[in-house]
Amino acid sequence: MDVAHRDLRALFSTNDRGLTAAEAFTNRGLQWDLVAATLAEHLRHIADPAFSVEDFEAPRDNVIVFHGVGGIGKTTFSRKLEATLAGAEHRPAQWGEPAWSSERFLPIRIDLARSAGTDFERLVLTVRLALAELGRPLPAFDIALRRYWEHNHPGEQLEEYLRRGGLTGRFGQAGQQQMQSALSDVAQALLLPGTVGSAVGQVTGSLVRALRERRQAVRALAGCARLADLLEAEPDLEAFSFYPHLLSWELARLPADKQVTPVILLDTFEDIGDRTHRDSERLLQRVVWLMPNAVFVITGRSRLQWADEALQGQLGFTGPAAWPGLAAHNTPPARTASSADSRGGRS
């Protein structure tokens with residue numbers, strides 16, 4: 001029986017089932033200090049034994065926003081952050097060494113400009129393929145993805161879509177190989193007969209039953225309390241927007257020597273915020289909420305309004321209690337291009 005969308009929203013709004021952020025645009029040295037402080041606080045937060053990626057009620061402080069008029073270097077800074085977090089050798093000397101220099105970050109930069117053609121599916125797939133760098137399978141997400149893709153893109157191979165869209169060229173073959181093996185690995189664990197590559201429904205149906213019955217064969221996935229519900233839900237775009245929780249859950253169970261913190265840089269955010277009465281923004285906000293162990297660095301022309309009570313009903317999570325770091329009273333004044341330049345922040 002399909003789980004209704006309202007049931008999914010309820011499922012991910014409660015814990016039943018067993019960093020301060022800021023908005024500013026200053027010169028780049030001050031921007032870097034803000035990012036470094038945010039990342040340091042985020043690492044302390046997720047290291048707390050009380051932290052859980054399945055806590056859907058806790059406030060979120062995993063987003064930092066830089067906003068200002070066009071032409072003052074937001075995209076340049078976003079790209080420089082990506083390079084810096086990928087390797088310390090790319091960090092400008094004047095920025096200094098952060099306290100967390102020994103920690104491992106995985107920067108994932110996504111251009112949201114209309115000209116880039118980044119829709120919601122592509123955004124989530126970009127995050128998944130970037131995580132292939134971990135060298136570990138992410139079966140909970142990959143199985144759900146296969147079911148979604150077969151239902152919504154009949155006759156179109158996911159691998160061909162990734163190749164045609166340039167994602168294979170950007171991230172290589174590792175992610176595709178991991179996604180291809182997920183169904184087969186689960187089928188083998190469940191002792192399903194025959195070739196299962198095209199039998200997505202058979203595998204996911206058997207997996208749901210095994211999860212409900214708490215079979216030992218699927219103990220590796222049994223810890224994901226909401227996986228069965230997601231696999232039973234109608235696999236449309238609304239359900240797909242909850243799948244990032246599966247990525248978050250997979251990240252949380254990595255062994256200590258494989259731990260990594262994704263830093264997802266979303267540039268040109270203004271091209272998302274006004275699409276179809278905030279529908280696209282609502283989906284993207286859900287990704288941020290469902291991945292509390294990742295940090296999101298958003299650059300755009302306008303202040304992020306998620307802490308505004310007036311948006312209640314338009315977005316899934318609103319108000320200062322949900323986004324304390326985005327509340328207006330915590331917002332430093334934005335700077336113009338000239339004031340940034342006068343302090344060394346030239347574009």
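This passage describes the overall make-up of a predicted protein model, its nonpolar cores and the setting of one loop residue.

The predicted model contains 16 helices and four strands. The protein has 347 residues, and 53% of them count as buried. The exposed area of the protein is about 15200 Å². Carbon and sulfur atoms supply 49% of that area.

The largest nonpolar core is made up of 80 residues. Trp306 and Trp323 have the most contacts inside this core. The surroundings of Trp306 were examined without its neighbours within four places in sequence. Trp323 itself is in contact with Trp306. Further contacts of Trp306 include the residues Phe269, Leu284, Val288, Ile298, Leu315, Phe317 and Leu326. Glu281, Gln285, Thr318 and Gly319 also contact Trp306. Another core lies apart from the largest one and has 18 residues. Val35, Ala36, Phe77 and Val295 are among them.

Ala217 sits in a loop. Helix H9 (200-212) and helix H10 (219-222) lie on either side of that loop in the sequence. The relative accessible area of Ala217 is 41%. Ala217 is therefore partly exposed, as this class covers values between the 20% limit for buried and the 50% limit for exposed residues. With residues up to four places away in sequence left out, Ala217 touches Ala189 and Leu190. Ala217 and Leu191 are 26 residues apart in sequence. In space, their C-alpha atoms are 9.2 Å apart.

How values were computed. Residues numbered from 1 in each chain as written. Predicted model: local features only at pLDDT ≥ 70, side-chain atom pairs only at ≥ 80, totals over all residues. Heavy atoms only, no water. Helix = DSSP H or I, 4+ residues; strand = E, 2+ residues; numbered from the N terminus. Buried < 20%, exposed > 50% of the residue type's maximum accessible area, 1.4 Å probe, protein only. Areas by Shrake-Rupley, 256 points an atom, 1.4 Å probe, with all protein chains shown as cover. Core = buried A, V, L, I, M, F, W, Y, C linked by side-chain atoms within 4.5 Å. Contact = heavy atoms within 4.5 Å.
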